[in-house]
Amino acid sequence: MISRFYISHCEHDEKMALELSSALWRVGLESYATMYNLCQGISRAERVFFAIRNSECLVALLTKDGSASTTVCQEIGLAKGIDLLIIPLLENGTDLPFFIEHSNPISFSGSEFDDAIGKLIKNVRDLSRLDWLKVICPKCGEEMTQYLTPQEDVDEAIQKGAFLETICSYCQNKVLLDPRTFESLP
C-alpha cells in the first residue's frame, strides 16, 4: 500500500511539485515536496535522505531542467539503491536519466501536467486502496472529507470533458471538481 511519496524535482519546478503534492493530499496521500525550507537545524541532504527513506514511492518530476538536475538524478539513485518504487513524470522531448531509462514514464507537455497528475493518481489507485477525498469548498472555504469517486466515473468525466460534482456539507452549494486532480473549481 502506497501512502507516502517523495517528489523529486529541481528548484525551477517547485510550483509543479507543489501542485502535485496538493493533488496527492486531496486523495489522502502524504508527500515530501518542499524540502528547501523545512527543519533549518538539519541539513538539506539529511532532510532529503530522511524523506526518501520514509516514503514508499518516489515520483520523479522530469522536466527539461529536472532531468538535467544533478540533485534529481542523485535522489533517483538513492531511491533505486533502497528498492523504492519510482514513477517518472516525463516532459515531452526530455530523456530519462540513466538509472530509470528502462521505465515506462507518464509523459506530458507543459499544458497537460494536470493530465499527468490524473494518470499518476489512477496508477496509485490501481496499486493501493484510496477511499477518501478532501474537498475545499470554493464558496465557504470549509474542508470536507467524502468518499473518493469511483474510477469508472472519473474516467467517464475525463473522456466527456466534464467535471465531477458534489455538494458542500457546510454551505450546501454545488462544488465542481476537476476529475484529474480533484481540485475544486471556483
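Guide: Before we start, packing here is about contact, and contact means heavy atoms within 4.5 Å. Keep in mind that this is a predicted model.

Visitor: Okay, which elements do the buried residues of H4 pack against?
Guide: Let's first pick out the residues: Val72, Glu75, Ile76 and Ala79 are the buried ones in H4. Down the helix axis they fall within an arc of 100 degrees, so they line one face of H4. That buried set packs against strand E1 (4–8), H2, strand E3 (57–62), helix H3 (64–68) and strand E4 (85–91).

Visitor: And which residues are exposed on the other side of H4?
Guide: Exposed takes over 50% relative accessible area. On the side of H4 away from the buried face, the residues that count as exposed are Thr70, Gln74 and Gly81.

Visitor: How far apart are the end C-alpha atoms of H4?
Guide: H4 covers residues 70–81, which makes 12 residues. At 1.5 Å a residue the helix should span 16 Å. The model agrees, with its end C-alpha atoms apart by 16 Å.

Visitor: What reaches the backbone nitrogen of Thr71 at the start of H4?
Guide: Look at the beginning of the helix for a side-chain oxygen. It comes to within 3.3 Å of that nitrogen, and it belongs to Ser69.

Visitor: Switching to rings, what is the angle between the planes of Tyr32 and Phe50?
Guide: The structure holds four aromatic pairs, so there's some choice. Tyr32 and Phe50 form one of them, 6.5 Å centre to centre. Tyr32 is in strand E2 and Phe50 in helix H2, 18 residues apart. Planes over 60 degrees apart count as edge-to-face, and this pair is edge-to-face at 80 degrees.

Visitor: Are the rings of Trp132 and Tyr147 stacked or edge-to-face?
Guide: Their centres are 4.6 Å apart. Planes under 30 degrees apart count as stacked. Theirs sit at 20 degrees, so the pair is stacked.

Visitor: Which strands does that pair tie together?
Guide: Trp132 and Tyr147 are 15 residues apart in sequence. Trp132 belongs to residues 132–136 and Tyr147 to residues 143–147, so the pair ties together E6 and E7.

Visitor: How many bridges join E6 to E7?
Guide: The two strands form a hairpin with six residues between them. Ile136 stands opposite Glu143 in E7. E6 and E7 run antiparallel, and the number of bridges joining them is five.

Visitor: Which residues make up the covered face of E6?
Guide: In a regular strand the side chains alternate between the two faces of the sheet. Trp132, Lys134 and Ile136 are on the uncovered face of E6. That leaves the covered face to Leu133 and Val135.

Conventions
Residues numbered from 1 in each chain as written. Predicted model: local features only at pLDDT ≥ 70, side-chain atom pairs only at ≥ 80, totals over all residues. Heavy atoms only, no water. Phe/Tyr/Trp six-rings, centres within 6.5 Å; stacked < 30°, edge-to-face > 60°. Helix = DSSP H or I, 4+ residues; strand = E, 2+ residues; numbered from the N terminus. Buried < 20%, exposed > 50% of the residue type's maximum accessible area, 1.4 Å probe, protein only. Pairing = 2+ DSSP bridges. Expected span 1.5 Å × (residues − 1). Arc of directions from axis to C-beta. Polar contact = N/O pair within 3.5 Å; in protein donor to acceptor, adjacent residues only side chain to side chain.
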